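Biologist: Before us is a structure that I should like to understand step by step. May I ask you to justify each term as we proceed?

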Amino acid sequence: MNTTPQPDPRDRPARLTVGVVGAGRVGPALAASLQLAGHRPVAVSAVSDASRRRAEQMLPDVPVLPPAEVLQRSELVLLTVPDDALPELVLGLADTGAVRPGQLLVHTSGRYGARVLDPALRAGALPLALHPAMTFTGTPVDVQRLAGCSFGVTAPEELRLAAEALVIEMGGEPEWIAEENRPLYHAALALGANHLVTLVAQSLELLRTAGVEAPDRMLGPLLGAALDNALRSGDGALTGPVARGDAGTVAAHVTELRRHAPGTVAGYLAMARATADRALAHGLLKAELAEDLLGVLADKAGGAAGSPGTGDTPGEDR
């Protein structure tokens with residue numbers, strides 16, 4: 001075993017000074033990860049009390065400053081603000097002269113590529129779009145989760161190697177995304193991750209209503225296996241009453257959901273129809289069973305909108 005003491009990353013010469021504009025859940029984690037790679041966080045902007053506390057926890061001793069001062073001190077700037085706020089922020093920083101020639105300007109929006117940074121590019125900045133495909137908690141555990149995390153990378157071709165090198169330094173895996181494909185890329189991630197959280201939360205609530213004392217313990221192994229199977233086999237991993245064509249079971253599900261959790265009906269029906277379509281297309285659902293199943297889903301969908309005879313308040317599930 002090698003017993004030679006390993007150098008503390010803080011003792012290595014810093015290659016870039018790093019600033020963070022927007023101390024949400026993402027920015028401090030990325031800056032802390034860059035710090036482990038030898039870079040030096042020097043400034044962070046934070047507006048709310050929560051963001052200030054997060055900055056203090058993740059980046060201790062790093063001063064909290066206005067965005068223009070963050071840029072003044074930094075060679076590499078992380079713009080980690082909500083997607084809708086990003087274009088106005090970039091334009092404002094460029095118009096006020098805060099952007100310096102040669103400054104690396106990195107945003108972490110999944111929606112946008114590098115073009116949203118064009119105002120800063122005209123001011124001489126080097127634009128990079130580095131989006132970590134990860135959900136963040138705003139705590140130090142996020143730094144650990146970046147190891148092996150894929151990043152959607154978009155940048156001018158001449159900056160591609162620099163962008164990919166930064167991702168690798170943070171422990172991530174660069175995945176090149178063309179500028180025009182960024183919205184589709186982001187939609188795919190939101191569909192898989194954000195909607196998954198909603199589905200799991202709904203499932204937990206329904207299990208509690210059904211009297212299950214530890215719904216998280218019940219769902220954990222099931223969802224873990226389903227995710228693993230889906231990643232390995234795609235549509236071949238489909239199971240359950242929809243894939244089997246059990247129309248009566250699906251009808252019973254919707255009846256119970258209407259009674260106990262009417263707000264979940266629309267989502268259940270939409271996912272059931274999408275599942276049926278995919279199961280049918282991949283030969284998992286027999287055509288003769290699909291007809292009855294889709295008929296049930298169509299009837300229930302009409303009921304969800306408050307059709308006569310459903311006993312629901314009109315529009316209740318919208």
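Biologist: Which residue in β2 does Thr17 stand opposite?

Modeller: Thr17 stands opposite Arg40 in β2. Please keep in mind that this is a predicted model.

Biologist: What makes β1 and β2 a pair of strands?

Modeller: At least two bridges are required for a pair. Strand β1, residues 17–21, is joined to β2 by 5 bridges, so the requirement is met and the two strands count as paired. They run parallel.

Biologist: How are the strands of the sheet ordered?

Modeller: The order is β2-β1-β3-β4-β5-β6-β7, in an open sheet of 7 strands with mixed pairing.

Biologist: Why do β2 and β7 stand at the edges?

Modeller: Each of them, β2 (40–45) and β7 (173–176), has a single partner strand, so one side of each is left without a neighbour in the sheet. On average, neighbouring strands of this sheet are turned by 25° against each other, direction ignored.

Biologist: What shows that the pairing is mixed?

Modeller: The partners of β6 illustrate the term. Between β5 and β6 there are 4 bridges, and these strands run antiparallel; β6 and β7 are also joined by 4 bridges, but run parallel. Phe151 in β6 is the bridge partner of Pro132, and Phe151 also stands opposite Pro174 in β7. From β6 the chain crosses through α7 to β7, and this β-α-β crossover is right-handed.

Biologist: Which strands does helix α7 lie across?

Modeller: Helix α7 (residues 160–169) lies across β3 (76–79), β5 (126–132), β6 (150–154) and β7, and runs at about 145° to β7.

Biologist: Why is β6 called largely enclosed?

Modeller: Of the 5 residues of β6, 4 are buried, so the strand is largely enclosed by the rest of the structure.

Biologist: How do you know whether Asp61 is buried or exposed?

Modeller: The cut-off for exposed is over 50% relative accessible area. Asp61 has 81% relative accessibility, so it counts as exposed. Asp61 lies in the loop between α2 (49–58) and α3 (67–73). Its phi is near 70°, a positive value in a residue other than glycine.

Biologist: What makes you say that Arg160 lies over the face of Trp176?

Modeller: The distance must be within 6 Å of the ring centre, and the charge must also be within 35 degrees of the ring normal. Arg160 is at 4.1 Å from the ring centre of Trp176 and lies over its face.

Biologist: How many aromatic pairs does the structure hold?

Modeller: The structure holds 0 aromatic pairs.

Definitions and conventions. Residues numbered from 1 in each chain as written. Predicted model: local features only at pLDDT ≥ 70, side-chain atom pairs only at ≥ 80, totals over all residues. Heavy atoms only, no water. Phe/Tyr/Trp six-rings, centres within 6.5 Å; stacked < 30°, edge-to-face > 60°. Axes fitted to C-alpha atoms, helices over the stretch in contact; angles between N-to-C directions. Contact = heavy atoms within 4.5 Å. Buried < 20%, exposed > 50% of the residue type's maximum accessible area, 1.4 Å probe, protein only. Right-handed = clockwise from strand over helix to strand, strands pointing away.
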